[in-house]
Amino acid sequence: MTTSRTRRGRPPASTREALEEIAFELLLRDGYEATTLQAITTAGGVGRSTLFRYFGSKAGIVWGEFDRAVERLRSALHDADDVPVMEAVRAAVVRSTHQSQAAAPDSWLDRFRVLDRDAALVAETAAHWRVWAETVSRYAAERTGLDANAPLPAAIGGAVQAAYVAVLRHWAEADEAVDIDELDDALRPVTDAFQTVLDGATQG
(Lines give C-alpha, C1' and ligand atoms only; values in the text may rest on other atoms or scores of the structure.)
Protein backbone atom coordinates (compact mmCIF):
# COMPACT_ATOMS: atom_id res chain seq x y z
CA MET A 1 0.00 0.00 0.00
CA THR A 2 1.11 3.55 -0.60
CA THR A 3 2.67 5.06 2.50
CA SER A 4 2.91 8.71 3.42
CA ARG A 5 5.89 10.45 1.92
CA THR A 6 5.12 13.86 3.42
CA ARG A 7 7.97 15.08 5.58
CA ARG A 8 9.61 18.23 6.90
CA GLY A 9 11.52 19.99 4.18
CA ARG A 10 9.40 18.68 1.34
CA PRO A 11 9.22 21.34 -1.39
CA PRO A 12 5.84 23.06 -1.89
CA ALA A 13 3.36 21.30 -4.19
CA SER A 14 3.63 23.25 -7.42
CA THR A 15 0.82 21.61 -9.38
CA ARG A 16 -2.70 20.35 -8.85
CA GLU A 17 -1.48 16.77 -9.33
CA ALA A 18 1.29 17.14 -6.75
CA LEU A 19 -1.09 18.57 -4.14
CA GLU A 20 -3.63 15.86 -4.93
CA GLU A 21 -1.00 13.18 -4.37
CA ILE A 22 -0.12 14.65 -0.98
CA ALA A 23 -3.80 14.90 -0.03
CA PHE A 24 -4.44 11.23 -0.77
CA GLU A 25 -1.39 10.16 1.21
CA LEU A 26 -2.91 11.91 4.21
CA LEU A 27 -6.40 10.57 3.52
CA LEU A 28 -5.06 7.02 3.36
CA ARG A 29 -3.07 7.46 6.54
CA ASP A 30 -5.52 9.39 8.70
CA GLY A 31 -8.95 8.87 7.12
CA TYR A 32 -11.32 11.33 5.49
CA GLU A 33 -12.87 12.80 8.63
CA ALA A 34 -9.55 13.27 10.46
CA THR A 35 -7.75 14.85 7.50
CA THR A 36 -8.21 18.60 7.68
CA LEU A 37 -7.67 21.19 4.98
CA GLN A 38 -5.00 22.68 7.22
CA ALA A 39 -3.15 19.36 7.29
CA ILE A 40 -3.25 19.16 3.49
CA THR A 41 -2.07 22.72 2.93
CA THR A 42 0.68 22.35 5.54
CA ALA A 43 1.94 19.09 4.04
CA GLY A 44 1.79 20.60 0.57
CA GLY A 45 3.46 23.83 1.58
CA VAL A 46 0.69 25.92 0.04
CA GLY A 47 -1.97 28.34 1.26
CA ARG A 48 -5.67 27.63 1.53
CA SER A 49 -6.32 29.86 -1.47
CA THR A 50 -4.26 27.52 -3.64
CA LEU A 51 -6.15 24.46 -2.44
CA PHE A 52 -9.52 26.14 -3.01
CA ARG A 53 -8.44 27.26 -6.47
CA TYR A 54 -7.62 23.69 -7.43
CA PHE A 55 -10.38 21.75 -5.65
CA GLY A 56 -12.95 24.05 -4.06
CA SER A 57 -13.20 21.91 -0.93
CA LYS A 58 -11.99 18.70 0.70
CA ALA A 59 -14.88 16.88 -0.97
CA GLY A 60 -13.68 18.26 -4.28
CA ILE A 61 -10.36 16.48 -3.81
CA VAL A 62 -12.14 13.16 -3.42
CA TRP A 63 -14.99 13.48 -5.91
CA GLY A 64 -13.83 15.92 -8.59
CA GLU A 65 -11.68 13.43 -10.47
CA PHE A 66 -14.25 10.65 -10.01
CA ASP A 67 -16.86 12.83 -11.69
CA ARG A 68 -14.42 13.54 -14.51
CA ALA A 69 -13.83 9.79 -14.85
CA VAL A 70 -17.57 9.29 -15.39
CA GLU A 71 -17.50 11.98 -18.06
CA ARG A 72 -14.58 10.21 -19.73
CA LEU A 73 -16.55 6.98 -19.74
CA ARG A 74 -19.61 8.74 -21.17
CA SER A 75 -17.48 10.34 -23.88
CA ALA A 76 -15.77 7.05 -24.74
CA LEU A 77 -19.15 5.36 -25.10
CA HIS A 78 -20.40 8.19 -27.28
CA ASP A 79 -17.37 7.82 -29.55
CA ALA A 80 -17.45 4.02 -29.62
CA ASP A 81 -16.96 2.26 -32.92
CA ASP A 82 -19.84 0.44 -34.60
CA VAL A 83 -19.12 -2.86 -32.88
CA PRO A 84 -21.27 -5.14 -30.70
CA VAL A 85 -22.66 -3.36 -27.67
CA MET A 86 -20.65 -5.09 -25.00
CA GLU A 87 -17.43 -4.89 -26.99
CA ALA A 88 -17.99 -1.13 -27.13
CA VAL A 89 -18.63 -1.03 -23.38
CA ARG A 90 -15.46 -2.95 -22.61
CA ALA A 91 -13.36 -0.76 -24.90
CA ALA A 92 -14.84 2.41 -23.38
CA VAL A 93 -14.08 1.30 -19.82
CA VAL A 94 -10.48 0.49 -20.77
CA ARG A 95 -10.07 3.77 -22.67
CA SER A 96 -11.52 5.93 -19.90
CA THR A 97 -9.35 4.17 -17.32
CA HIS A 98 -6.23 4.89 -19.37
CA GLN A 99 -7.30 8.55 -19.45
CA SER A 100 -7.92 8.66 -15.71
CA GLN A 101 -4.50 7.20 -14.98
CA ALA A 102 -2.88 9.70 -17.35
CA ALA A 103 -4.73 12.59 -15.69
CA ALA A 104 -3.47 11.71 -12.19
CA PRO A 105 -0.76 9.04 -12.50
CA ASP A 106 0.44 9.33 -8.90
CA SER A 107 -2.92 9.37 -7.14
CA TRP A 108 -5.62 7.74 -9.29
CA LEU A 109 -5.36 4.37 -7.56
CA ASP A 110 -4.94 5.95 -4.13
CA ARG A 111 -8.28 7.65 -4.73
CA PHE A 112 -9.89 4.26 -5.19
CA ARG A 113 -8.20 2.97 -2.04
CA VAL A 114 -9.67 5.83 -0.03
CA LEU A 115 -13.15 5.41 -1.51
CA ASP A 116 -13.10 1.64 -1.07
CA ARG A 117 -11.85 1.60 2.52
CA ASP A 118 -13.01 4.73 4.33
CA ALA A 119 -16.19 4.06 6.29
CA ALA A 120 -17.06 7.77 6.31
CA LEU A 121 -17.44 7.71 2.51
CA VAL A 122 -19.47 4.51 2.07
CA ALA A 123 -22.83 6.10 1.24
CA GLU A 124 -21.42 8.73 -1.10
CA THR A 125 -19.18 6.20 -2.81
CA ALA A 126 -22.15 3.96 -3.52
CA ALA A 127 -24.06 6.90 -4.99
CA HIS A 128 -21.18 7.85 -7.28
CA TRP A 129 -20.68 4.28 -8.48
CA ARG A 130 -24.42 4.11 -9.22
CA VAL A 131 -23.99 7.02 -11.62
CA TRP A 132 -21.09 5.16 -13.26
CA ALA A 133 -23.21 2.02 -13.66
CA GLU A 134 -26.18 3.98 -14.99
CA THR A 135 -23.93 5.50 -17.66
CA VAL A 136 -23.28 1.98 -18.96
CA SER A 137 -26.94 0.98 -18.58
CA ARG A 138 -28.19 3.94 -20.60
CA TYR A 139 -25.71 3.24 -23.37
CA ALA A 140 -26.79 -0.42 -23.57
CA ALA A 141 -30.43 0.62 -23.66
CA GLU A 142 -29.85 3.19 -26.41
CA ARG A 143 -27.94 0.71 -28.55
CA THR A 144 -30.51 -2.06 -28.22
CA GLY A 145 -33.76 -0.11 -28.16
CA LEU A 146 -34.63 -1.48 -24.74
CA ASP A 147 -36.18 0.65 -22.02
CA ALA A 148 -33.43 2.30 -19.98
CA ASN A 149 -35.22 1.18 -16.80
CA ALA A 150 -35.64 -2.42 -17.92
CA PRO A 151 -33.92 -5.17 -15.91
CA LEU A 152 -31.43 -6.17 -18.61
CA PRO A 153 -29.73 -2.77 -19.14
CA ALA A 154 -29.70 -2.24 -15.38
CA ALA A 155 -28.11 -5.64 -14.88
CA ILE A 156 -25.47 -4.86 -17.49
CA GLY A 157 -24.50 -1.61 -15.79
CA GLY A 158 -24.39 -3.21 -12.36
CA ALA A 159 -22.40 -6.23 -13.47
CA VAL A 160 -19.81 -4.25 -15.43
CA GLN A 161 -19.40 -1.84 -12.53
CA ALA A 162 -18.98 -4.70 -10.05
CA ALA A 163 -16.40 -6.40 -12.27
CA TYR A 164 -14.55 -3.11 -12.73
CA VAL A 165 -14.43 -2.49 -8.98
CA ALA A 166 -13.11 -6.03 -8.46
CA VAL A 167 -10.24 -5.33 -10.85
CA LEU A 168 -9.46 -1.99 -9.20
CA ARG A 169 -9.53 -3.66 -5.79
CA HIS A 170 -7.11 -6.34 -6.98
CA TRP A 171 -4.73 -3.68 -8.28
CA ALA A 172 -5.04 -1.64 -5.07
CA GLU A 173 -4.29 -4.61 -2.85
CA ALA A 174 -1.46 -5.94 -5.03
CA ASP A 175 0.40 -2.62 -4.75
CA GLU A 176 2.43 -3.25 -7.90
CA ALA A 177 2.72 -1.71 -11.33
CA VAL A 178 -0.64 -1.67 -13.09
CA ASP A 179 -1.06 -2.73 -16.70
CA ILE A 180 -4.43 -1.27 -17.65
CA ASP A 181 -4.52 -3.35 -20.82
CA GLU A 182 -5.15 -6.33 -18.52
CA LEU A 183 -8.54 -4.78 -17.82
CA ASP A 184 -9.79 -5.86 -21.25
CA ASP A 185 -9.15 -9.53 -20.47
CA ALA A 186 -10.58 -9.20 -16.97
CA LEU A 187 -13.88 -7.71 -18.19
CA ARG A 188 -14.25 -9.96 -21.24
CA PRO A 189 -16.04 -12.90 -19.51
CA VAL A 190 -18.69 -10.52 -18.16
CA THR A 191 -19.18 -8.55 -21.36
CA ASP A 192 -19.16 -11.64 -23.58
CA ALA A 193 -21.82 -13.29 -21.40
CA PHE A 194 -24.08 -10.26 -21.60
CA GLN A 195 -23.53 -9.96 -25.34
CA THR A 196 -24.93 -13.47 -25.70
CA VAL A 197 -27.95 -12.48 -23.61
CA LEU A 198 -28.45 -9.29 -25.65
CA ASP A 199 -28.23 -11.20 -28.91
CA GLY A 200 -30.97 -13.51 -27.71
CA ALA A 201 -33.14 -10.69 -26.39
CA THR A 202 -32.94 -8.55 -29.53
CA GLN A 203 -33.52 -11.47 -31.87
CA GLY A 204 -36.46 -12.74 -29.91
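**Entry 1: Val165**

I began with Val165, which counts as buried because its relative accessibility is 9%, and the cut-off for buried is under 20%. I note at the outset that I am working with a predicted model. Looking up where Val165 sits, I found it in helix α8. I then asked which residues Val165 is in contact with once its neighbours within four places in sequence are left aside, and I noted Phe112 and Trp129. For Trp129 I also looked up the backbone separation: its C-alpha atom lies 9.2 Å from that of Val165, although the two residues are 36 residues apart along the chain.

**Entry 2: the largest nonpolar core**

I turned next to the largest nonpolar core, which has 56 residues, and I looked for the members that touch the most others; these are Val93, Trp132 and Ile156. Helix α8, spanning residues 151-174, gives the most to this core, with 10 residues. As background I wrote down that nonpolar side chains tend to be buried together in soluble globular proteins. I followed Ile156 further and, not counting residues up to four places away in sequence, I found that it touches Met86, Val136, Ala140, Phe194 and Leu198.

**Entry 3: the cavity**

How many cavities of 30 Å³ or more does a search of the whole structure find? The search finds one, and I recorded the volume of the largest cavity as about 250 Å³. Its lining is made up of 14 residues, of which Phe66, Ala69, Ser100, Trp108 and Tyr164 are the closest to the centre. I then went through the elements that give two or more residues to this lining, and they are α4 (58-78), α5 (85-103), α6 (108-117), α7 (122-144) and α8. Helix α6 supplies the largest share, with four residues. Sorting the lining by residue class, I have nine nonpolar, three polar and two charged.

**Entry 4: Thr191**

Last I looked up Thr191, which lies in helix α9, residues 182-203. Is Thr191 buried or exposed? Thr191 has a relative accessible area of 1%, so I entered it as buried. I checked its side chain for polar partners and noted that one of its polar atoms lies 3.2 Å from the backbone oxygen of Arg188. Leaving aside neighbours within four places in sequence, I found Thr191 in contact with Met86 and Arg90. I had already met Met86 in the second entry, where it is one of the residues that Ile156 touches, and here Met86 appears again beside Arg90 in the list for Thr191.

How values were computed
Residues are numbered from 1 along each chain as its sequence is written. This is a predicted model: local features need pLDDT of at least 70, side-chain atom pairs count only at pLDDT 80 or more; totals for chains, interfaces and linings use all residues. Side-chain values use heavy atoms; hydrogens and water are left out. A nonpolar core is a set of buried Ala, Val, Leu, Ile, Met, Phe, Trp, Tyr and Cys residues joined through side-chain atoms within 4.5 Å. Buried means under 20% relative accessible area, exposed over 50%, partly exposed in between (1.4 Å probe, protein chains only). Contact means heavy atoms within 4.5 Å. On a 1 Å grid over the protein atoms alone, a cavity is a set of points where a 1.4 Å probe fits but cannot get out, and a pocket is an open set with protein on both sides within 12 Å along at least five of seven lines; lining residues have an atom within 4 Å of a point. Grid points are joined across faces, edges and corners, and a volume is the space filled by probe spheres set on the points. Ala, Val, Leu, Ile, Met, Phe, Trp, Tyr, Cys and Pro count as nonpolar, Asp, Glu, Lys and Arg as charged, and the others, Gly among them, as polar. A polar contact is a pair of N or O atoms within 3.5 Å; within protein, one must be able to donate a hydrogen and the other to accept it, and residues adjacent in sequence count only if both atoms are side-chain atoms.
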